[in-house]
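Student: I've got a new structure to look at, and I don't know my way around it yet. Can we go through it together?

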There are 2 protein chains.
Amino acid sequence: MKEIRYFYVPEPELSELPGDEAQHAMRVLRLGVGDELVLVDGKGCLYDAVITEASNHHCRYRITQSRPQEPEWHGSIHLGMAPTKNIDRVEWMVEKATEIGMDHLSLLDTQFAERRVVKTERLERVAVAAMKQSHKAWKPVIDELEAFGSFVKRDDLPEQRFIAHCYELGSEAKPFLGDVLASKQPALVLIGPEGDFSVDEVRKAEAAGFRSVSLGTSRLRTETAALVAVHLMRLANR
Amino acid sequence: MKEIRYFYVPEPELSELPGDEAQHAMRVLRLGVGDELVLVDGKGCLYDAVITEASNHHCRYRITQSRPQEPEWHGSIHLGMAPTKNIDRVEWMVEKATEIGMDHLSLLDTQFAERRVVKTERLERVAVAAMKQSHKAWKPVIDELEAFGSFVKRDDLPEQRFIAHCYELGSEAKPFLGDVLASKQPALVLIGPEGDFSVDEVRKAEAAGFRSVSLGTSRLRTETAALVAVHLMRLANR
């Protein structure tokens with residue numbers, strides 16, 4: 001069985017592979033004029049294409065067919081997450097969440113965060129590789145690090161939004177996320193850093209319409225909690 | 001807030017920390033006589049203890065209280081998995097599955113596996129670290145690599161057992177694992193290698209009472225599929 005090779009081409013109408021994809025096609029796979037490609041735009045469409053020109057640095061193609069894909073899940077899966085001290089842990093979370101299904105990742109600068117800088121280019125590369133590897137047509141949108149306080153007040157957030165944390169601030173126990181996620185609705189879940197959100201941050205989120213939830217009885221690392229949240233959203237959206 | 005330090009002591013009645021835990025207690029944490037310890041036996045019990053003797057290579061203690069823990073989940077969560085070519089991917093799966101909740105990991109030698117040797121000592125260390133980090137009292141049992149054919153015929157497997165694969169062999173579509181897992185019952189799910197199980201292996205498993213299932217519409221890597229299966233079993237057992 002011949003493995004299909006996907007190339008990430010955010011602007012397929014340019015008729016030329018981006019630099020790193022062109023390198024990979026020509027230098028690694030040694031493709032040439034007449035060879036077939038499958039392009040993915042990361043926004044839901046695959047394209048069949050044929051190489052028309054291959055030079056040292058350029059690989060041009062002609063699109064023979066565009067194939068819009070049916071979404072694998074309904075609603076929209078949005079994760080807001082404080083980056084971990086060790087960035088590898090965010091990277092694998094991005095890989096796994098992309099495989100399982102995630103539309104949007106927001107990185108949050110929180111009070112107790114142990115990391116204040118994130119290079120989203122690396123996360124982008126991980127997401128692109130995972131999208132191609134899992135034959136998806138959508139790439140998660142990854143936002144630059146944003147202050148928690150301004151993020152929770154954004155007016156483009158879904159109505160169904162949750163904040164997962166370890167405090168018991170109300171008179172009642174927090175519900176389990178899996179029990180309160182509505183089916184097939186856009187959802188957003190926030191996951192705090194190693195030291196959790198601050199109580200002040202939780203209050204701010206609640207004031208901005210977020211509902212406090214638990215992810216179950218297990219004590220989870222930040223990146224594990226993030227993946228569990230994505231999987232629960234994915235299960236509610238299948 | 002003082003972080004509780006857990007020491008893994010499979011045989012607490014010996015009144016002495018195992019070598020690596022003793023090193024850690026004395027050389028890294030610089031604990032001495034009179035300092036308090038929390039021991040975990042990996043089989044469901046925590047112990048409060050006090051150091052009674054600390055020499056170059058030995059750290060002896062006296063147990064002051066034994067605290068049997070309530071299980072976090074019902075049933076029993078058993079994963080059978082073909083190891084991946086890159087062993088790091090099995091290691092992180094073990095870390096994450098231990099956090100989320102897993103009782104038993106069996107490593108399977110399958111026809112299309114790209115790895116025939118697994119050092120379980122390393123996986124043990126990852127499981128112990130994750131158990132301590134997530135404040136669990138149970139350590140997953142990790143079996144040595146076993147031939148698929150003999151594993152599926154073992155007579156100590158749970159009644160509720162599944163094999164996840166990508167074939168469509170029957171006349172009906174495979175059910176989604178999350179839809180057929182009975183609540184609070186011991187369960188076992190098998191996950192194949194990068195190249196999937198062979199059709200012959202699937203037939204053998206089915207003949208041995210395994211039910212074929214799907215893990216949803218997403219194309220998942222072996223270790224992601226394994227983690228998704230563990231999470232689905234955990235959700236059915238809470």
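Below, we talk through the sheets, the helices and the contact between chains of this predicted model.

Student: Let's start with the sheet in chain A. In what order do its strands come?
Tutor: Picture an open sheet of 4 strands with mixed pairing. Reading across, the order in chain A is β1-β2-β3-β4.

Student: Which strands of chain A are the edge strands?
Tutor: Look for strands that pair on one side only. In chain A, those are β1 (6–8) and β4 (59–68).

Student: How much twist is there from one strand to the next?
Tutor: Stay with that sheet of chain A, order β1-β2-β3-β4. From one strand to the next, the twist averages 40 degrees.

Student: Do β3 and β4 of chain A pair in the parallel or antiparallel sense?
Tutor: Strands of a sheet can pair either way, through backbone hydrogen bonds. Here, β3 (residues 45–54) and β4 of chain A are joined over 9 bridges. One residue to look up is A:A49, whose bridge partner in β4(A) is A:I63. The sense of the β3–β4 pairing in chain A is antiparallel.

Student: Which strands does helix α1 of chain A touch?
Tutor: Helix α1 covers residues 19–28 of chain A and packs on the sheet. Its direction makes about 155 degrees with that of β1(A). The strands touched by α1 in chain A are β1, β3 and β4.

Student: And which strands does helix α3 of chain A lie across?
Tutor: Find residues 120–133 of chain A for this helix, running at about 150 degrees to β1(A). Helix α3 of chain A lies across β1 and β2 (36–40).

Student: Now chain B. Why is one side of β1 and of β4 left without a neighbour in the sheet?
Tutor: Chain B has an open sheet of 4 strands too, in the order β1-β2-β3-β4. In chain B, β1 (6–8) and β4 (59–68) stand at the edges. One side of each is free of neighbours in the sheet because each has a single partner strand.

Student: What is the bridge partner of B:V50 in β4(B)?
Tutor: Strand β3 (residues 45–54) of chain B runs antiparallel to β4(B), with 9 bridges joining them. Follow B:V50 across to β4(B) and you reach B:R62.

Student: What relation do chains A and B have to each other?
Tutor: A rotation of 180 degrees, with 0.0 Å of shift along its axis, puts chain A onto chain B with an RMSD of 0.0 Å. That is the relation of a two-fold axis.

Student: Why do we say the copies meet through the same surface?
Tutor: The contact takes 28 residues from chain A and 28 residues from chain B. The copies meet through the same surface because, of the interface residues of chain A, the share that are also interface residues in chain B is 100%.

Student: What area is buried between chain A and chain B?
Tutor: The size of an interface is often given as the accessible area lost when the parts come together. Carbon and sulfur atoms give 47% of the area buried between chain A and chain B. The full value is about 2500 Å².

Student: How many salt bridges are there between chain A and chain B?
Tutor: One to find is between the side chains of B:D179 and A:R238, at 2.7 Å, N to O. Between chain A and chain B, the salt bridges number 10.

Student: Which element gives the largest share of the side of chain A that touches chain B?
Tutor: The elements giving two or more residues to that side are α2 (87–100) and α7 (222–236) of chain A. The largest share, 8 residues, comes from α7(A).

Note on methods:
Residues are numbered from 1 along each chain as its sequence is written. Chains are lettered from A and ligands numbered from 1 in the order in which they are written. This is a predicted model: local features need pLDDT of at least 70, side-chain atom pairs count only at pLDDT 80 or more; totals for chains, interfaces and linings use all residues. Side-chain values use heavy atoms; hydrogens and water are left out. Two strands pair if DSSP finds at least two bridges between them. Axes are lines fitted to C-alpha atoms, for helices over the stretch in contact, and angles run from 0 to 180 degrees between N-to-C directions. Contact means heavy atoms within 4.5 Å. Copies are superposed by least squares on the C-alpha atoms of residues with pLDDT of at least 70 in both. Buried area is the accessible area (1.4 Å probe) that two parts lose on being put together, summed over both. A salt bridge is a side-chain nitrogen of Lys or Arg within 4 Å of a carboxyl oxygen of Asp or Glu.
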